[in-house]
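Hi everyone, thanks for making time this morning. I'd like to walk you through one structure, a piece at a time, with the picture up on the screen.

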Amino acid sequence: MNILREYKCFFLLLCVIMLLASCDKITENDNRETSGVSDSEGQSYVIIRSDTAGEAEIEAAVRLRGALSDMYGYEFEIGTDWVKKGEIFPPGRREILVGETNRPAAASELKSKLKYDDYIIDRTGTYIIINGGSSGALAQAVEYFIDRCAEAPSLDAVESYNYSRSYDIPDPKIGGVSVAEYVISVALSDSWNERETAERIQSYFIEKSGIKLEIEFEGQQKKDYEILLGMSLRDEAVTLRNALEADGYAYGLYGTRFVITGKNQPGFKYGYTVLEGEHMKNNNAGFAEFNEKDNKKGEAVYTSYTLYCDAQKGSDTGDGGEHAPYKSISAALDAASLLGSSAPCHITVLLAQGEYILEKPIELTRELFSGMPGGISFKANGGTPVISAALPVSGFEAAVFNGIPCIAAKLPVIAGEMLYPHQAFSSSGERLERPRLPDEGFYYVTDVPGYNEPFNTDYRESMSEMNFNKGEIADISNISDIQIRMFHYWDDERIEIAEIDYDRSYIKFANPSAFALKQESSTTRGAPYFLDNVPEAFDSPGEFYADRVTGMLYYIPHEGETANQTVIYVSALTEIMTIDGMHGSKDRPSVEFDGVVFSGSDWFVTARKPSQAASDITAAVTINDSSYISFTNCDFVYIGTTAVKVVEGVNNLSFSHCDFRDLGGGGIHIAGKNDVPATEKILHDINISDCLINGYGRVYANAVGVLLRFAYDCSISHNEICDGYYTGISVGWVWGYGAHVTDNIKVEYNHIYNIGQRLLSDMGGIYTLGKQPNTQLRNNLIHDIQMACYGGWGIYPDEGSSGILIENNICYKMSAQPFHQHYGEDNLVRNNIFAFGDGGQFIVTRKEEHSSLSLEGNILLSDGTAVYAKHPNDLNITDNGNLIWDYSGEAFSGYMDYDVTRRLYAFPSKNRLGFDEMQRLGLYKDAIIADPLFADPKNGDFTPAEDSPIFGMGFEAIDYSAAGIRNRETAG
């Protein structure tokens, strides 16, 4: 009883509230100006849209409800046309039908009579129908209806209205059949960007006739009549295309199909341009009455245009001519896109000397240049044009930061946000250092909480905290912008810090490490590291610190530098350029750069997991799905990441006489995918020749000079690669004997030296992975490779490297061995010189059931270290006719002991095997023990004397002077 009484009280209270609300509404309506409309008629209507309506129909219905609700003072009901199965439509209900609905009196018949811009307002029984030939026309119909409602005394008084636009070609026909019966078919591959052409045809008919043709993928259309484009696989299109010559085009009517095609993409694009000019633009009748007599064949006619840019004297309001050059590259690209859309043409952009500072990355894409199959070239026009991703900062004033006298200026603001650069350069091109602890060298991890023996763990053990030596690290004000740079194994980790407890000498990581915090090959020593970007370490000339909190750039000048004369360049963009979908041919390259400098891009990755060869990082220039591209005499300098990354679907790409200097990552990364069997997306025919890669890995130390992962038919030749911390050239990306698309890679006549520099381990001058039939490593000169703890090798066939020819190479002065194969099969190693390895001259790590390699006719030179640094019982190789010599005495082979802490090899007598013992154990077949009589081999002069015994053994003298860059002086 109590519950019932409480319910009655609540109901009475609710009634009172509703009555008061009703009184308020009546008062509001009495004061409203309603423009003469009547409540009674409006109140009885419901707005209906289709239950499957798209965004445009929904917006139109909501717009109508809002307008009518404002007029009448109450919310109109809005619903969909859905009814339950078996039920009839609501009988006698007054409805405003917006767009196509399932109501019998509306939708289909009226819609079929409407062209694209037409619309209708109609009364049928209890329905008001509002519809249009397109979403835009429907929106116009709704606005017209709202305007009429405001003028009429009631909804029932709004009259019907039919708007029909007057079109230029009301009823276009192809072969006597209305184009409304046609569908535009696009090839599934869309390899020539047929969809863009389809959309242009669709837009043409909408504009001229109000008829919207549907665009479908070939084979999915529901109509008998088709417009076939480009690479169509219909018989009519294939037959027509096969009969064409190079760059030829054809279009015309063949039965129920209208075909527009070409022998290649340029022919197709030009053919459509001709069709558009003759039958769509210049012919008032357009397609009307097009028939077989109008069919046409021809060949693309190319034109050439030259645009001029001058960063110092140009203006983007100019016309791009020689006397009115553009100032920016973006203005030239806009003009090039317009020129290319008119006809096939080749466009040359001549860049005067100066800095072209980018506001955003350059994008050379299929969408931008699809109408320009003739390609685009960027060439220096006197002097050196620099395309820069860095901004100059000036206006420095005297300042003090952390008690250190320095100079300071405001960081740039871009689009309302302060720029926070990770790297900076002086105006003379010097890379400026961020402050670090310690100033030089490294700290070492002292302990890892939670581990009894933290440095005697599996190297893949992830760790989230560490200890440091008491007092090494003082109070740091801003730990959010610093990273721990940890160097071990074949990678460097960037670890962010969550917490530092100075009393406990303890650091907690924001992101756990991927490797154990140990020095490789040691069970007792922690990994080396330093702290990067520490404001309290700001104390040396040439250092800069970008303060995210104050927005200031602080810099300690060198002696003689003054505040008012200082200009510092800070990196503003991580990407300089993307090339995507640009295809050409041998005769007509798609993209060319000649004599252009790309400079100043930033890096941004802070926390970072290990990734071999820095394969995870981005690039300043990215190339994807493109062909026939060249970079000649170009420089890539002061790059924060890898300079160039080639993704997939790229072929016939070349780099010739280019310089890659001061790189955060590597020089060129040929990435690709291991699609087996090979698809059209596999990278191929990439040539890198006569290039200098000097100073790489400055931000990502494990970056590689040239990294080629999945590709075939490529050449890396006559390059000079030096001053890096990891491998010079890396080829292949399959660990083991699995299927591998990488094949026929020629790595020859390269000069690789001064890499490793005791920072990382497990590297080679040339490194390979996986089965690579037909790959050749020939005539390369490799020397001075210094490992951190293990693995400073000259030529390094790693896991599964098989089917590789290794010949005519000179490898000397290695901190491990000049030649090291981990494991592989059927490699032929012949006519090489392997000399002066601290850990011996030759080694194969893993013995397998099959023969690992054949060692034939090589010269192995020692100075007190092992020749073969392994016992014959642990080798499964064949050898024949090798010359062996030890300049310190008798040449021995066998195990060498290694002290990882001191990085010292020892070769005790108990580990040594002499000539006779090696032959008894099955090796040294037909070996020659003799001095090769080289001029000065310990200093790199391997010129043989005329009476050298190498000639009697059939050794082919190696012209090591041919290695490296042709037609220029080397860097060192």
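I'll go through two sheets, the helices around them, and then a few single residues. One thing before we start: this is a predicted model.

Let's begin with the six-stranded sheet. It is open, its strands come in the order 10-9-11-13-12-14, and the pairing is mixed. Which strands stand at the edges? They are strand 10, residues 215-217, and strand 14. Each has a single partner strand, so one side of each is left without a neighbour in the sheet. From one strand to the next, the twist averages 15 degrees.

Inside that sheet, have a look at strands 12 and 13. They pair in the antiparallel sense, over six bridges. If you want a spot to click on, Tyr-254 stands opposite Arg-257 in strand 13.

Now for what sits on this sheet. Helix 7 packs on it and touches strand 11, strand 12, strand 13 and strand 14. The direction of helix 7 makes about 35 degrees with that of strand 13. Helix 8, residues 265-281, lies across strands 11, 12, 13 and 14 as well, and runs at about 55 degrees to strand 12.

Let me stay with helix 7 for a moment. Which residues of helix 7, which spans 235-242, are buried? They are Ala-237, Leu-240 and Arg-241. These three cover an arc of only 95 degrees around the axis, and therefore sit on the same side of helix 7. As a reminder of the geometry behind that, an α-helix has 3.6 residues a turn, so residues three or four places apart point the same way. The cover over the buried residues of helix 7 includes strand 11 (225-229), strand 12 (248-254), strand 13 (257-262) and strand 14 (296-299). Turn to the face directed away from the buried side, and you find the exposed residues Asp-235, Thr-239 and Asn-242.

Next, a pair of helices. Helix 3 covers residues 55-72 and helix 5 covers residues 135-151; their axes come within 9 Å and cross at roughly 10 degrees. An angle under 35 degrees counts as roughly parallel, and that is why helix 3 is described as roughly parallel to helix 5. On the helix 3 side, the contact residues include Ala-60, Leu-64, Ala-67 and Met-71. On the helix 5 side, they include Leu-138, Val-142, Phe-145 and Ile-146. What is the make-up of this contact by class? It has 12 nonpolar residues, one polar and three charged. Among the residues in the contact are Glu-57 and Arg-63 of helix 3, and Glu-143 of helix 5.

On to the second sheet. This open sheet has four strands in the order 22-23-35-34, with antiparallel pairing. Strand 22, at 397-401, and strand 34, at 544-547, are the edge strands, and each pairs on one side only. Here the twist averages 35 degrees from one strand to the next. Strand 34 pairs with strand 35, residues 552-555, in the antiparallel sense over four bridges. One of the residues to look at there is Asp-547, whose bridge partner in strand 35 is Met-552.

Now the single residues, starting with Asp-310. You'll find Asp-310 in the loop between strand 15 (303-309) and helix 9 (329-342). Is Asp-310 buried or exposed? At 14% relative accessibility, Asp-310 counts as buried. Leaving out residues up to four places away in sequence, Asp-310 touches Pro-325, Tyr-326, Lys-327, Ala-352, Gln-353 and Tyr-356. Asp-310 and Ser-328 are 18 residues apart along the chain, and their C-alpha atoms are separated by 7.5 Å.

For those of you who like backbone torsions, I have three more stops. The peptide bond from Leu-437 to Pro-438 is cis, with omega near -5 degrees. Pro-438 lies in the loop between strand 27 (436-437) and strand 28 (443-444).

Then there is Tyr-638, which is not a glycine yet has a positive phi of about 55 degrees. Tyr-638 belongs to strand 42, residues 635-639, and at 19% relative accessibility it counts as buried.

Last stop: Asp-926, also not a glycine, has a positive phi of about 50 degrees. Asp-926 is in the loop between helix 11 (915-920) and strand 75 (928-929). With a relative accessible area of 53%, Asp-926 is exposed.

That's my tour, and I'm happy to rotate the picture back to any of these places.

Terms used. Residues numbered from 1 in each chain as written. Predicted model: local features only at pLDDT ≥ 70, side-chain atom pairs only at ≥ 80, totals over all residues. Heavy atoms only, no water. Pairing = 2+ DSSP bridges. Helix = DSSP H or I, 4+ residues; strand = E, 2+ residues; numbered from the N terminus. Axes fitted to C-alpha atoms, helices over the stretch in contact; angles between N-to-C directions. Parallel < 35°, antiparallel > 145°, perpendicular 65-115°, else oblique. Contact = heavy atoms within 4.5 Å. Nonpolar A, V, L, I, M, F, W, Y, C, P; charged D, E, K, R; others polar. Buried < 20%, exposed > 50% of the residue type's maximum accessible area, 1.4 Å probe, protein only. Arc of directions from axis to C-beta.
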